[in-house]
Amino acid sequence: MPIDATPLRKVLKLECEKNYSNSAVIGGLDKFLAKWSANAEGAITDLKLLKRFNELRLNKFGYASLDRQQRVQYIDDILGFLSAAEKTVDKKVKAYAAATAILSHSKPKAKVEISMSSCSLDSPITIIKGISQTMAARFNKLGVGTVRDLLYFFPNRHLDYSLLKTISQLAEGKEETVIANIWQVREVRLGGKRSTEAIVGDDTGNVRAVWFNNPYLVKQLATNKQIVLSGRVVIYKGHPVFESPEWELLENRELTHAGRLVPIYPLTRGLYPRQVRKLLKGAIDRFSPVVSDFMPPPLKQRLKLLELSQAISQAHFPDDEATKVKARYRLAFDELFLLQLGVLNKKRRWQQDQPGTPFTMNDAVLDTFIGSLPFELTTAQRRVLEDVTTDLKNSKPMSRLLQGDVGSGKTVIAIAALLMAASNGCQGAFMAPTEILAEQHFSNTRRLLSAASREEKLGDCLYRYDSSLTQPLTIALLISDIKGSHKKEIQQLIQDGGIDIVIGTHALIQKDIAFNHLGLAVVDEQHRFGVIQRSALRQKGFNPHVLVMTATPIPRTLALTLYGDLDLSVIDELPPGRQEIKTRWLKPAQRESAHAFLRKQVAEGRQAFIICPLIEESEAVQAKAAIVEFEHLSRQVFPSLKLGLLHGRMPAAEKDDNMRRFRSCELDILVSTPVVEVGIDIPNATVMLIESADRFGLSQLHQFRGRVGRGQEKSYCLLLADNPSEVARSRLDIIEKVQEGFQLAEEDLKMRGPGEFFGTRQSGIPDLKMAKISDVALLELARKEAIGLFEKDPALQSPDNRLLAKEITRVWADGESEWS
Ligand code: ADP
Ligand code: MG
C-alpha cells in the first residue's frame, strides 16, 4: 500500500502550529525523526539528496536543544528536503517508495500520537477528556467555551497548603497540611449523617480526619497509602481532628488538591471544586505548552516577564507564592498591554488617515476673551487651556479628554477653543447630550461673548458678534425642534460656512448636516457620548480637532484604559469660593421636615430642585410619573409656592420656558426627572432634594448635588430612600461623607466595576481578568511600552512583533465595529 510523506508533513505542520514547542509528537520530535530517518535512509537512492539528508541528520538532530529560530530553520530544511525528494528522478514514485519503506519497516504501530484536538486553542472544551456536553454547558455559564477560555479561567484565590507540618506540630484553628500514612478508614455516623473517618499517622503521632456526610471516601482511601491532608484543625476531646480536609493520595505525580498552593475556582451549579481542579490541572498540563507566546522576546526579557505558558500554568497551580505573583504580573501586563495597543492603534489610524488643520494661535483674541470674563481663570484652567492650544497648533488633530469635577469651569475652555477655530476661518461644533444642556451652553456662550463684543440678533437662535475678538462671528443653536424652515436655513448656513460656531446635541452629527469646514468639535459629557459618535464626527469629511469634556470624574487609570486614544487633561481645582454642600441622607419619616426645610429656604429667597423618583429607564414612563409627582407637590405639599416641571418628553419651548423662569427666579422649585443631572447651572439654587436616591450610582448622585452650591449661599443636598438595599445604604453613607468627585468615582468604580460604572457595558473593550483597573503603575508601564513599540515598529512587521500583531487582532476582533 503506497503511503506518501504526508504523515511526516503533518507532524511538522502541527509542530509549526504549536509554535515549535517540540510537542507535536509524544516523546519529542527527535525520537520521531530518528526513527523516521533510520528507515528513510535506505530508501534514498539519489546521492545528492542522501548527502543533504545526512547533513540534516548529523548536524541538526537535537531539535529539543535548539532555540525557536533554529527550530523554524530546521523544520524548513526538512520540508525542503521532502519536496526535493519528491521532485527527483522518479518524482513521486521515489518519494512514495521512500515513505513506504520507512513506514513498512517501522510498521504503523509506531503510531504517531498527534493530539489533533490540540491544534487550536479555539476548539470547544468538549474535546477535553472528561468534559461532556452537560458539563460544557455549566462551564459556559462561567464564560468558558473554548480551550483558551479554560486556560484563562483563573482561580479566585489560592489556599496555601504548601507548608508541611508534622502531626505533633498541628495547631488548633489553623489551616494545616500533613503527609501521613493511612492506618484505618471506616464509615461512621456523625450527626446522623453517613460520614468517613480515617486515622492517619506519621513519625510524630496520629490524627483523626473526618468527612461529614460523605461515606464515599471509604472506597477511595485505602489503608497503608500515603495521603496529603490540608485543612482546618479543630480540637475534639483534647485531640486534634481534621474536619473535611482537602485530601490527595500521594502518588507518583504532581499534587493537585492538597500539599501545595491549591486554586479555588469560581463554581456554578453542578461543578465541584475537586472536579474542576482536576480538569484544569489536566487541561493545563496538556495545553499550556501549546500556547504561543506573543510577547516580543526583547520586551519579555527587559521586563523579566515569565513565558506565557509558564505564567498560565503558574497562575493556576503555582510552585510557590513568589512565582504566583510573577505569573499574575505577566498576565495582567498582557491584558493592559493589549488594551493599550488596541486603543493606540485606533488613534494612530485616524490620525494618519488625514492630517488635521493646524491652527495659528491668535493671542490677541484669546487674551481679549479671557480678559472680558467676569472672573480670573484658575491655575488648573490656565494649564488645561495651554494643553488645548498646544494641540490645536499641531497638524495631528487634537484628541483630548478634559475632565473636571462639576462646576470646575470647563465651558470657558471650550468656548476659548471654539474662538480659536473661528479666528482660523474654521467652523466649530459644540455638542451636549441633551437639548436643555445645548440651550444652556448656547446662552452661556452668548453671555460670555457679549461681554467682549456687540451682539446682534439675526434670527431665532442665530446671533452675530461684531467684535474686537475676530472677524464678525456668527453662532447658532441647532436642536431637533427648531421650526422646520428655520432649521433648514441654519443647516444651509452651516453648509455655506455662514455660521462659525454651532451649538447643539448629537443631532449635529446626523447625516443631513454638512459642514463647510469643520475644524473643531467639542463634545460635552463624554459618558453619554460613545466612541461611535466620536468616529461619526470624524467622518464628517474633515478630521477635526476633538475635545471631549466630562464632568464624571473618571479615575485616571480608567480614563487611560477606556479612552486610551485620547490625551488627558484634568481641571483638579474648583473656582475659589465654592463651599461644601451639606449632604444628608434622611429616613422616609423625615420627608415632611425636608419639605419644611425647602419652604424655609425659599422664604429666604433661595430656590430648590426636586428630583423625581426614578421609575424606569423609559423616558415616556418617567415623564408621566414626573407629571403625577409634580401635581402632587404643587397641590398638596407646596400649594403656596411656584413650581415648574422639567422632563425629557416636553417640547423644547416649554422646557426652555421653565428653565428660563427658574433661572430668573419666577419659579421657586424645579421638579425634574433625572435629565437635569448634568450641567445645569443655577447659582441661586441651594437645595437639591433627591427622591429614590438609592436607585442612583454615586457619580450620578454627585452630579445632582453639583447642581447646587454654585453661588455664595450655603447649599444642601437631601437624599430620600424608602427602602434602600445594603449596597445602596453604603453608597448613601459614602455620598454623605465624601465631597470630592474623584474620590467618589474611585469608590463607585470599586463598588460597581467599570462596566456598570458607565451605565451600559462598553462592549468592544477586551475583558480584564487579571489586571486591576486600580493598578496605576502597571497600566502606565503598559501604556509606555505600547507607545514605544509603535514608535519603533508602527506596523508591527518585525519578526519579533508578528505574533503580537496577530494577538491584537484576535483580542480586538469582537469589538472592531465599535472601535474603528
Ligand atoms: P462645568 O465644569 O461643570 O461645566 P461650568 O463651566 O458650567 O462648569 O462652570 C460653572 C460655573 O463657574 C459657571 O457659572 C462659570 O461661569 C463659573 N466659572 C468658571 N470658571 C470660573 C473661575 N475661574 N472663577 C469663578 N467662576 C468660574
Ligand atoms: Mg458643563
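## Exercises: strand β23 and the aromatic pairs

Strands β22 (residues 685-690) and β23 pair in the parallel sense, with four bridges. Two strands count as paired if DSSP finds at least two bridges between them. Helices (H or I, at least four residues) and strands (E, at least two) are DSSP runs, numbered from the N terminus.

This is a predicted model: local features need pLDDT of at least 70, side-chain atom pairs count only at pLDDT 80 or more, and totals for chains, interfaces and linings use all residues. Residues are numbered from 1 along each chain as its sequence is written, and side-chain values use heavy atoms, with hydrogens and water left out.

**Exercise 1.** Place β23 among its partner strands.

*Solution.*
- Start with β22. L689 has L718 as its bridge partner in β23.
- Follow the chain. From β22 it passes through helix α23 (residues 698-705) to β23, and this β-α-β crossover is right-handed. That is, with the strands pointing away from the viewer, the path from the first strand over the helix to the second runs clockwise.
- Turn to β18 (residues 581-586). β18 pairs with β23 in the parallel sense over six bridges. There, K582 has Y716 as its bridge partner in β23.

**Exercise 2.** Decide whether β23 is enclosed or open.

*Solution.*
- Set the cut-offs. Buried means under 20% relative accessible area, exposed over 50%, partly exposed in between (1.4 Å probe, protein chains only).
- Sort the side chains. S715, C717 and L719 point one way; Y716, L718 and L720 point the other way.
- Check burial. Six of the six residues of β23 (residues 715-720) are buried, so the strand is largely enclosed by the rest of the structure.

**Exercise 3.** Classify the ring pairs F333-F337 and F696-F704.

*Solution.*
- Take the criteria. Rings of Phe, Tyr and Trp (its six-membered ring) pair if their centres lie within 6.5 Å; planes under 30 degrees apart count as stacked, over 60 as edge-to-face and the rest as tilted.
- Survey the whole structure. The search finds eight aromatic pairs.
- Test F333 and F337. Their ring centres are 5.1 Å apart and their planes at 20°, so the pair is stacked.
- Locate them. Both lie in helix α12 (residues 321-353), four residues apart, about one turn of the helix. F333 is buried at 0% relative accessible area, and F337 is buried at 0%.
- Test F696 and F704. Their centres are 5.0 Å apart and their planes at 80°, so the pair is edge-to-face. Both residues are buried.

How values were computed
Chains lettered and ligands numbered in written order.
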